[in-house]
Amino acid sequence: MDRQELADLISDDRLRLKTLYDKYRTPFINFGSKYALNEHALSDVYQEAFIALYKKGINGKLDNISNSMQTYLFGIGKFMIYDTLKKNSRQRSLESLLLDGDTTQEKSSGMASLTEEQKLLHSFFKKSATECQQLLVLFYYRGLTIEEIVEHNGYKNTETVSVQKANCLQSLRQLIKPEDHEYDLLIQKHLKKKLNEQEQSTFDALLASNADFKKEVAFLEDFYKIAEVQAEANLRSMLNEFEAIHQPYKKSSKVLWYVAASILVLLAMAYFFTIMQPVSSENLFADSFTPYKNVVHPIARGAQVLDQKTKAFSTYDNRDYEEAATRFTALYNQTKEPYYLFYQANALIANNEINQAIPLLKKHLKTNDPLKEKTPWYLAMSYLKLQDTENAKKYLQLVLDQKKYGYKEAEELLKSL
């Protein structure tokens, strides 16, 4: 992924963020228009996809991604479009309408995911000075060092930042649960999941033996969650301002008629030039790939997650594919059940880790698992993503010849290739 675009994404520079947001907005609206959603709905999806991309950037999950930002962003947006279409197709009950009406604002702001303690902490955090909010978010949520914060915000020196951070955190802590605070960097790395083996050992030992440290960790874990919610709310507000530029007001019907006519002409021209261009295998992958549904261990709504198998499929259903792949790996090593290979590979493909998925799919193809009839399709998808047209055609032809899962789609893809 382009380093400069990634830096722009996670920066707090409004202009850089707006430039990046605007760069992919129109291509995304054009990409999503084939799914029978209007521009207003697609702009909502785009905002949510952009926020999800921002979160991954903040948490360092984009650092080693080889795909372009557009491909990765559109992949996120595609799944969100599917969710929107599914929601639109359902008839909502009166009870759910009443419930949603009462909680829409809370859900959209991320507050629904907070515990009561976190909500209380969030209310105090919002009352803190703006400088304190920004400084604490930069250190604990963004994970910047003191030196980076000095450079980022133009402070005089590191001592000024350290003193101000300590004062801000102490003021906030005293409002909720007054405790002395130590081991800042250790806890910061824990929150960002960046502890090395030695640091993790130190952290675990302190957590087991030091009650004050345990309270401090619990407090800052709560703070990290509310900082994430506040950062998302701020970003959402900024994106709404960006979006207002694209949709400032409704024009008169006559003007709209002329605009619509112009758009039709442009679309016709775009279609003409599009069909004259070869279709890229990466675009075909984006249009065709969907992780295979969980048919092995369906999770009932509201079910309590206890065993490792349920946890693994629950993370898969919730599209936390990185976590799901890790859990499926562990379960396969323990049980040797072949379907774990299949779902692990699907999770890796969805997480853009194609080279790791292919050997698993080939291994799964040699098993007696009933799901292996789907495997050639996902091998074809993997090679499409890698733009390895020769191998993609090979497995698509296998799917077609044997009338395997996805053979109708395979016929169309072979024509496109």
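These legends accompany close-up views of a predicted model.

**Figure 1. Overview of an all-helix secondary-structure count.** The protein has 21 helices and zero strands. Its chain holds 417 residues, and 41% of them are buried. Take the contacts between residues at least 6 apart in sequence: 63% of these join residues at least 24 apart. The remaining views go to individual cores, helix pairs and loops.

**Figure 2. The largest nonpolar core, with Leu9 and Phe223.** This core has 67 residues. Leu9 and Phe223 touch the most other members. Helix α12, residues 211–246, supplies the largest share, at 13 residues. A second, separate core has 45 residues. Phe79, Phe289, Ala324 and Ala410 are among its members.

**Figure 3. Surroundings of Leu9.** Neighbours within four places in sequence are left aside here. Leu9 is then in contact with Leu17, Leu20 and Leu53, and also with Leu62. Two aromatic partners in the list are Phe50 and Tyr54. Gly57 and Met69 complete the set.

**Figure 4. Helix α7 against helix α12.** Helix α7 spans residues 130–141. Its axis and that of α12 come within 10 Å and cross at roughly 115°. The two helices are therefore roughly perpendicular to each other. The crossing of α7 past α12 is left-handed. From α7, the contact uses Gln133, Leu136, Val137, Tyr140 and Tyr141. From α12, it uses Leu220, Phe223, Tyr224, Ala227, Glu228, Gln230 and Ala231. By class, nine of these residues are nonpolar, two are polar and one is charged. Phe223 thus appears in this contact and also in the largest nonpolar core.

**Figure 5. Helix α14 against helix α19.** Helix α14 covers residues 281–288, and helix α19 covers residues 375–385. Their axes come within 7 Å and cross at roughly 140°. The pair is therefore oblique. Helix α14 passes α19 in a left-handed crossing. Ser281, Glu282, Leu284, Phe285 and Ser288 make the contact from α14. Trp377, Met381, Leu384 and Lys385 make it from α19. The contact residues divide into five nonpolar, two polar and two charged.

**Figure 6. Helix α19, buried along its length.** Eleven of the eleven residues of α19 are buried, so the helix is largely enclosed by the rest of the structure. The buried set includes nonpolar residues such as Trp377, Tyr378, Leu379 and Met381. It also includes Thr375, Ser382 and the charged residue Lys385. Just after α19, Gln387 takes a positive phi of about 60°.

**Figure 7. Glu282, a buried charged residue in α14.** Glu282 is found in helix α14. Its relative accessibility is 18%, so Glu282 counts as buried, the cut-off being under 20%. Leaving aside neighbours within four places in sequence, Glu282 is in contact with Asn67 and Thr71. Leu384, Lys385 and Gln387 are also contacts of Glu282. Glu282 and Asn67 are 215 residues apart in sequence. In space, their C-alpha atoms are 9.9 Å apart.

**Figure 8. Two loop residues with positive phi.** Asn352 lies in the loop between α17 (338–350) and α18 (354–365). Phi of Asn352 is near 65°, a positive value in a residue other than glycine. Asn352 is buried, with a relative accessible area of 17%. Gln387 lies in the loop between α19 and α20 (389–401). Gln387 is not a glycine either, yet its phi is positive, at about 60°. Gln387 is partly exposed, with a relative accessible area of 48%. Gln387 is also one of the contacts of Glu282.

**Figure 9. Helix α10 against helix α11.** Helix α10 runs over residues 184–191, and helix α11 over residues 197–209. They pack at an angle of about 105°, with their axes 11 Å apart. That makes α10 roughly perpendicular to α11. Leu186, Lys189 and His190 of α10 take part in the contact. Their partners on α11 are Glu199, Thr202, Phe203 and Leu206. The contact has three nonpolar, two polar and two charged residues.

Notes: Residues numbered from 1 in each chain as written. Predicted model: local features only at pLDDT ≥ 70, side-chain atom pairs only at ≥ 80, totals over all residues. Heavy atoms only, no water. Axes fitted to C-alpha atoms, helices over the stretch in contact; angles between N-to-C directions. Helix = DSSP H or I, 4+ residues; strand = E, 2+ residues; numbered from the N terminus. Parallel < 35°, antiparallel > 145°, perpendicular 65-115°, else oblique. Left-handed = near helix turned anticlockwise from the far one by under 90°. Contact = heavy atoms within 4.5 Å. Core = buried A, V, L, I, M, F, W, Y, C linked by side-chain atoms within 4.5 Å. Buried < 20%, exposed > 50% of the residue type's maximum accessible area, 1.4 Å probe, protein only.
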